[in-house]
Amino acid sequence: MSHLFSEGRLGELTLTNRIIIAPMCQYSATNGAPSDWHSVHLGTLAQSGAGLLIVEATSVTPEGRISPGDLGIWNDELGDALQKEVEKIRHWSPIKLGIQLGHAGRKASVSAPWQGGKSLSDSEGGWETIAPSALAFGQDRTPKAMTAQDIIHIRQAFVDGARRAQKAGFDLIELHAAHGYLLHQFLSPLANQRTDEYGGSLENRLRLVLEIFDDVKNAVSLPVGVRISATDWAEGGWDIEGSIQLAKALESRGCAYIHVSTGGLTPAQKIPVSPNYQVPFAQQIQHQVSIPTIAVGLITEPEQAEAIIATGQAEFIALARGILFNPRWPWHAAAKLGSKIAVAPQYQRSEPHHLRGLFSV
């Protein structure tokens, strides 16, 4: 049997295979609410055959959105709107559903990528951003350094968002502490130059991520995982040693998994992009903790994904751009690896003649 198509567990959640669809921002929400685009986009991915679909970064506050088109979950109306999307998917697909909760910090208030991804002024529909320290990301606007009261507010916002996510019917919650957004900013000495209990030492820089994890874990009964950037790819930045310490601390608190990405914190990063370029970081963390890691980053071929799982480099793999390009990637992977995959009855007659037996009933 293929390792990629074996069952796996994230906390108490059992997945039918080891393929996860990573969160991918669509920049197509209206005042935080999902649009018809999300129904089409998520509906397509829900028929992919992957074990888990994680909905894009969803902001816990209005100012935490990356762009004006980001999803939000900062009030009950937005939670109800997401619940309708969950119900649509549930009606037609058995796929498990997660949601990534986040806050963009100093990387907020920018336009969509196809509009240039540039920092927006107030007159362009932008807003004041917040961060651990008043340090801008590149040429973006300078954020306001967060006060102690701001930190209390953000902690509560994550709790409230998590409760709404559970009420909406999601199976899992992922906290976004990667890609240079707010929680990653607290972790990295390149963005965090605070002199209080949230800055300076590694212990202090870990504090907010661990507090928010504890807050959320205590507020819901769902598995809670964390996505991290294992390195800033920049001198003096966040690194794999800190990531291992964070992973161990999260494991001791009941974290369901660590989703291992890299980069995004500084424009000075130098990333040696190539197939599997992030997998060694997942492997290093996987060898230090007993909870699962999820590997991601230029994993494009079924044999490549199979090897990652089979050799213990990670327990799961995640796809992002690759599954946008090919939404039936898991079907084709099952065919290449000699496995079976369940598909909707409406699609069963599409099984190719030379692959009879691919689709399980």
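Me: Buried means under 20% relative accessible area, with exposed over 50% and partly exposed in between (1.4 Å probe, protein chains only). Which residues of helix α8 are called buried?

Reply: In helix α8 (residues 302-310) the buried residues are Pro302, Gln304, Ala305, Glu306, Ile308 and Ile309, so each of them has under 20% relative accessible area. This is a predicted model, in which local features need pLDDT of at least 70 and side-chain atom pairs count only at pLDDT 80 or more, while totals for chains, interfaces and linings use all residues. Residues are numbered from 1 along each chain as its sequence is written, and side-chain values use heavy atoms, with hydrogens and water left out.

Me: Why is α8 called a helix?

Reply: Helices (H or I, at least four residues) and strands (E, at least two) are DSSP runs, numbered from the N terminus. The run of α8 covers residues 302-310, so the requirement of at least four residues is met. Just after α8, Gly312 has a positive phi of about 75 degrees.

Me: What do the buried residues of α8 pack against?

Reply: They pack against α7 (279-286), β12 (293-296), β13 (316-319) and α10 (329-337). Contact here means heavy atoms within 4.5 Å.

Me: Which residues of α3 and α5 meet, and what is the handedness of their crossing?

Reply: From α3, Ile151, Ile154, Arg155, Phe158, Val159, Ala162 and Arg163 meet Leu208, Glu211, Ile212, Asp215, Val216 and Ala219 of α5. By class, this contact has nine nonpolar, no polar and four charged residues. The helices, α3 (residues 148-168) and α5 (residues 202-219), pack at about 35 degrees with axes 9 Å apart. Axes are lines fitted to C-alpha atoms, for helices over the stretch in contact, and angles run from 0 to 180 degrees between N-to-C directions. The crossing is right-handed, which means that the near helix is turned clockwise from the far one by less than a right angle; anticlockwise would be left-handed.

Me: What makes a space a cavity rather than a pocket?

Reply: On a 1 Å grid over the protein atoms alone, a cavity is a set of points where a 1.4 Å probe fits but cannot get out, whereas a pocket is an open set with protein on both sides within 12 Å along at least five of seven lines; lining residues have an atom within 4 Å of a point. Grid points are joined across faces, edges and corners, and a volume is the space filled by probe spheres set on the points. The structure holds three cavities of 30 Å³ or more. The largest has about 60 Å³, and strand β4 (residues 52-59) gives the most to its lining, with three residues.

Me: How do you know which residue in the lining of the second largest cavity is charged?

Reply: Its lining consists of Leu42, Val55, Leu82, Glu85, Val86, Ile89 and Phe170. Ala, Val, Leu, Ile, Met, Phe, Trp, Tyr, Cys and Pro count as nonpolar, Asp, Glu, Lys and Arg as charged, and the others, Gly among them, as polar. Therefore Glu85 is the charged one, in line with six nonpolar, no polar and one charged. Helix α2 (residues 76-92) gives the largest share, four residues.

Me: What is the volume of the largest pocket, and which residues are closest to its centre?

Reply: Its volume is about 1,200 Å³. Of 42 lining residues, Pro23, Tyr27, His179, Tyr181 and Arg321 are closest to the centre. The lining divides into 22 nonpolar, 16 polar and four charged residues.
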